[in-house]
Amino acid sequence: MATVVEALAHPTPVLAYFQEVRAFTERLCEPLATEDYVVQSMADVSPTKWHLAHTSWFFETFVLAPHVPDYRPLEPAYAFLFNSYYVQAGERHCRAQRGYISRPTVAEVYAYRRHVDAAMGELLDRADASLLERVAPLIELGLQHEQQHQELLLTDIKHVFSVNPLRPVYRARPVASAPWAAPVAWLPFAGGLQEIGHDGAGFAYDNEGPRHRVYLQPYQLADRLVTNGEYLEFMADGGYRRAELWLSLGWAAAQEHGWTEPFYWERRAADWWHFTLSGMRRVDPDEPLTHISYFEADAFARWAGARLPTEAEWEVAAATVPRAGNFVEEARFHPAAAEPGAPGLRQLYGDVWEWTQSPYVPYPGFRPAAGALGEYNGKFMCNQYVLRGGSCATSRTHIRATYRNFFPPEATWQFTGVRLARDA
Ligand SMILES: [Fe+2]
């Protein structure tokens, strides 16, 4: 798919791209009942209704208000409710209290989306070349932003359903054993002077650049993700009870939260089960491990005699791998086992976000944009770790080799997993 900027000369494809991404958000909501849209099951989770409104607020605030002189918001008070964290865009509602808000209703939020969609359609209809040139990068950013929220919408509704004793099913999926995960093969990489970061061709977030040189020691990467079966061995070997395997902060977090198994796992008699978007499932030992914190990923890697990759190691390796995998379009909504016998790096894209050992910090020469949009990424560059590759909830048109996702090290409600690395 062409990016908005590439499609500049033709407003119609831009509108089609806009409508496609907006419609996909709403398709993801089709399995939901009205009551499901409103619940906030923890502070990190936002209600579905909020995601639908906030993504519309983004276009309203950053595209329509500054570039359409006669644009009138449907309801000016929505700016307070649906601004997430943009301090320069004005006051905002408390994040942890998004679930207290029963109005606007779900129907009114859909009407808000229609209002914004109509105004965006008119803008693209009427815009001359110079206006298009100014708004195209903002529309692209708004659509990439909406795709990020599509993923959050899924991980958030998973958490909402998980705390419901009825354990609702978002999407039914036949029970089938995963193919046997063959032992890991270690693939060598030479290291040396390499370049990482986005080169400026096509869309990227500001945090992916500038492209710059890094020096890597020779290293090896596992050819597939860590499986549930491998993690069960770590647990059986006392992984959660052996302080020597853990970072000090990780050990403290594990004690504080009472971690004794991955998030969403549950013991039933002799077996482990876990909550999935297809309801409760027996843990399949050959499927990729997911919903683990950075701290658990790090402790597991130490137990396994390996380590987490750095983000530069990951990106240099990924530059040689086609961007294909188990993405949200597969509608599996769960990581899939590695294809048996396939050569090279498997599961690099899709399935689970891979924790790296790299702190989320600016690349050399990074400058956030001026104004509120400069708050998109840059102000979070402290106390978080970089994850790479996308997940089963990420769109295939959203991920890139240079993409830097980031979460605090104790976060577990995203589709997070592990690929091991080691020194050559
Ligand atoms: Fe957002």
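Buried means under 20% relative accessible area, exposed means over 50%, and partly exposed covers what lies in between. Keep that scale at hand for the exercises below, and remember that the model is predicted.

**Exercise 1. Backbone angles in one loop**

Task: Which class, buried or partly exposed, fits Ala331, and which fits Gln347?

Solution.
- Step 1: Find the residues. Ala331 sits in the loop between β8 (325–326) and β9 (349–350), and Gln347 is found in the loop between β8 and β9 too.
- Step 2: Look at the backbone. Ala331 has a phi near 60°, a positive value in a residue other than glycine. Gln347, also not a glycine, has a positive phi of about 60°.
- Step 3: Recall the background. Most residues other than glycine have a negative phi.
- Step 4: Apply the scale. Ala331 has a relative accessible area of 21%, so it is partly exposed. Gln347 comes out at 11%, so it counts as buried.

**Exercise 2. The iron site**

Task: Which residues are the protein donors of the iron ion, and which parts of the chain does the pair His54 and His149 tie together?

Solution.
- Step 1: List the donors. His54, His145 and His149 each offer their NE2 atom, lying 2.2 Å from the iron ion.
- Step 2: Write the spacing. Along the chain, the donors follow H-x90-H-x3-H.
- Step 3: Place the pair. His54 belongs to helix α2 (residues 48–67) and His149 to helix α5 (residues 129–162), so the pair links parts that are 95 residues apart in sequence.
- Step 4: Check burial. Both His54 and His149 are buried.

**Exercise 3. A cysteine without a partner**

Task: How many disulfides does the structure hold, and why is Cys392 not bonded to its closest cysteine?

Solution.
- Step 1: Count. The structure holds 0 disulfides.
- Step 2: Recall the cut-off. A disulfide needs two cysteine sulfur atoms within 2.5 Å.
- Step 3: Compare. The closest cysteine sulfur to that of Cys392 is in Cys29, at 17 Å, which is too far for a bond.
- Step 4: Add the surroundings. Cys392 is buried, because its relative accessibility is 0%. Cys94, at 37%, counts as partly exposed.

**Exercise 4. Enclosed spaces and an open one**

Task: How many cavities of 30 Å³ or more does a search of the whole structure find, and which element gives the largest share of the lining of the largest pocket?

Solution.
- Step 1: Count the cavities. The search finds 2 of them.
- Step 2: Describe the largest cavity. About 90 Å³ of space lies in it, and its lining includes Trp50, Phe82 and Arg98. Helices α2 and α3 (78–82) each supply at least two residues of this lining, which divides into 6 nonpolar, 1 polar and 2 charged residues.
- Step 3: Describe the second largest cavity. Its volume is about 30 Å³. Lys158, Tyr264 and His334 are among the residues lining the second largest cavity, and that lining holds 4 nonpolar, 4 polar and 1 charged.
- Step 4: Turn to the largest pocket, with a volume of about 850 Å³. Of the 37 residues that line it, Tyr85, Arg95, Leu152, Phe406 and Phe407 are the closest to its centre.
- Step 5: Name the contributors. α2, α5 and β12 (405–407) each supply at least two residues of the pocket lining. The largest share, 6 residues, comes from α5.

**Exercise 5. Proline positions**

Task: Which residues are joined by a cis peptide bond with omega about 0°, and what does Pro179 touch?

Solution.
- Step 1: Start from the background. Most peptide bonds are trans.
- Step 2: Pick out the cis bonds. One joins Arg103 and Pro104, with omega about 0°; Pro104 lies in the loop between α3 and α4 (106–126). The bond from Gly209 to Pro210 is also cis, with omega near -5°, and Pro210 lies in the loop between β2 (192–196) and β3 (212–216).
- Step 3: Move to Pro179, in the loop between α5 and β1 (186–189). Pro179 is partly exposed, because its relative accessibility is 37%.
- Step 4: List the contacts. Leaving aside residues up to four places away in sequence, Pro179 touches Asp286, Ala337, Ala338 and Pro340.

How values were computed: Residues numbered from 1 in each chain as written. Predicted model: local features only at pLDDT ≥ 70, side-chain atom pairs only at ≥ 80, totals over all residues. Heavy atoms only, no water. Donors = N, O, S within 2.8 Å, 3.2 Å for Na, K, Ca; no water. Helix = DSSP H or I, 4+ residues; strand = E, 2+ residues; numbered from the N terminus. Buried < 20%, exposed > 50% of the residue type's maximum accessible area, 1.4 Å probe, protein only. Contact = heavy atoms within 4.5 Å. 1 Å grid on protein atoms, 1.4 Å probe; cavity = no way out; pocket = protein on both sides within 12 Å on 5 of 7 lines; lining within 4 Å. Points joined across faces, edges and corners; volume = space filled by probe spheres on them. Nonpolar A, V, L, I, M, F, W, Y, C, P; charged D, E, K, R; others polar.
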